[in-house]
Amino acid sequence: MAVAVKAAQELEKGQRCVVILPDSVRNYRSKFLSDKWMLYKGFMKKELSVKRPWWWHLRVQELSLSAPLTVLPTVTCEHTSNILREKGFDQAPVVNEAGTILGMVTLGNMLSSLLAGKVQPSDEVCKVLYKQFKPIHLSGTLGSLSHILEIDHFTLVIHEQIQYHSNGLSSKWQMVFGVVTAIDLLNFVAAREQNQK
């Protein structure tokens, strides 16, 4: 409403402004009234007064992440599927030759696209990219990671680097550091607790 009022103030004589407002949040309860969704989207900050587990404030870099398997966008769906099965992964980041993250490919997404006839096994994997994932930085906390994993099956751990060019300019780009699932977090917590006993 506040934005509509500001926009209306800029109207010229004879112009009209129509604003449609929802009557309640009845149809939006599953998202906008969910604290988890609000935290996930960054609209709400975590309550500091709430008692958190011992691992909550540890950094993601504490996890023993293995080097990720990445796939170029030109690899075929069939070849990608074979690679994932052979290596025991359900998903992999898709990056271009420069290492820029284009998205993720998951066995589930690839299979559903193949079964629906949207792609053929010989099509490039860039046709089945999954882009709806929330990345986390190496410096992020395991608490933030756990919030992401409550909603998503995995998250991509990224590290930002600054690249300097010969013309004196610099640019930032993201590098894939690893893929984390809830099992990875659970194994980390369980192993640490076992070592403390």
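## Exercises on sheets, helices and single residues

Strand β4 (residues 154-164) runs parallel to β3, and two bridges join them. That meets the cut-off for pairing, which is at least two bridges found by DSSP between two strands. Helices (H or I, at least four residues) and strands (E, at least two) are DSSP runs, numbered from the N terminus. The model is predicted, so to speak of local features takes a pLDDT of at least 70, and side-chain atom pairs count only at 80 or more, while totals for chains, interfaces and linings use all residues. Residues are numbered from 1 along each chain as its sequence is written, and side-chain values use heavy atoms, with hydrogens and water left out.

**Exercise 1. Work out the strand order of the open sheet of three strands, and say which strands stand at its edges.**

Step 1: Start with the β3 and β4 pair. Look for His-137 and you'll find its bridge partner in β4, Ile-158.

Step 2: Go to the other pair. β4 and β5 are antiparallel, with eleven bridges between them. Gln-161 faces Trp-173 in β5.

Step 3: Put the pairs together. The order comes out as β3-β4-β5, and the pairing is mixed. β3 (136-137) and β5 (170-181) are the edge strands: each has a single partner strand, so one side of each is left without a neighbour in the sheet.

Step 4: Check the link between β4 and β5. They form a hairpin with five residues between them, and Gly-168 in the turn has a positive phi of about 95°.

As background, strands of a sheet pair through backbone hydrogen bonds, either parallel or antiparallel.

**Exercise 2. Find the helix that lies across β3, β4 and β5, and decide whether it is mostly covered or open.**

Step 1: The helix you want is α6 (residues 142-151), which lies across β3, β4 and β5. Contact here is heavy atoms within 4.5 Å.

Step 2: Take its direction. α6 runs at about 125° to β4, using axes fitted as lines to C-alpha atoms (for helices over the stretch in contact), with angles from 0 to 180 degrees between N-to-C directions.

Step 3: Count the covered residues. Eight of the ten in α6 are buried, where buried is under 20% relative accessible area, exposed is over 50%, and partly exposed lies in between (1.4 Å probe, protein chains only). Among the buried ones are Leu-142, Leu-145, Ile-148 and Leu-149, and also Ser-144, Ser-146 and His-147. So α6 is mostly covered.

**Exercise 3. Describe how β1 and β2 pair, then place Thr-106 in that picture.**

Step 1: Strand β1 (residues 91-95) and β2 are antiparallel, with five bridges between them. One you can look up is Ala-92, whose bridge partner in β2 is Val-105.

Step 2: Check the hairpin. Five residues lie between β1 and β2, and Gly-99 takes a positive phi near 90°.

Step 3: Look at coverage. In β2 (residues 101-106), five of the six residues are buried.

Step 4: Zoom in on Thr-106, which sits in β2. Thr-106 counts as buried because its relative accessibility is 13%. Leaving out residues up to four places away in sequence, Thr-106 touches Asp-90, Gln-91 and Phe-154.

**Exercise 4. Compare Ser-81 with Met-1: where does each lie, and is each buried or exposed?**

Step 1: Ser-81 is part of helix α4 (residues 77-87). With a relative accessible area of 11%, Ser-81 is buried. If you skip residues up to four places away in sequence, Ser-81 touches Leu-107 and Met-110.

Step 2: Met-1 is in the segment before α1 (2-9). Its relative accessibility is 60%, so Met-1 counts as exposed.

Step 3: Add a distance for Met-1. Val-19 is 18 residues from Met-1 in sequence, and the two are 7.9 Å apart in space, C-alpha to C-alpha.

**Exercise 5. Zoom out and list the elements of the protein in order, with its overall burial and the share of contacts made over 24 or more positions.**

Step 1: Count the elements: the protein has seven helices and five strands.

Step 2: Read them from the N terminus on, and you get α-α-α-α-β-β-α-β-α-β-β-α.

Step 3: For burial, 30% of the protein's 197 residues count as buried.

Step 4: For range, take the contacts in the protein with a separation of 6 or more. Residues 24 or more positions apart account for 53% of them.
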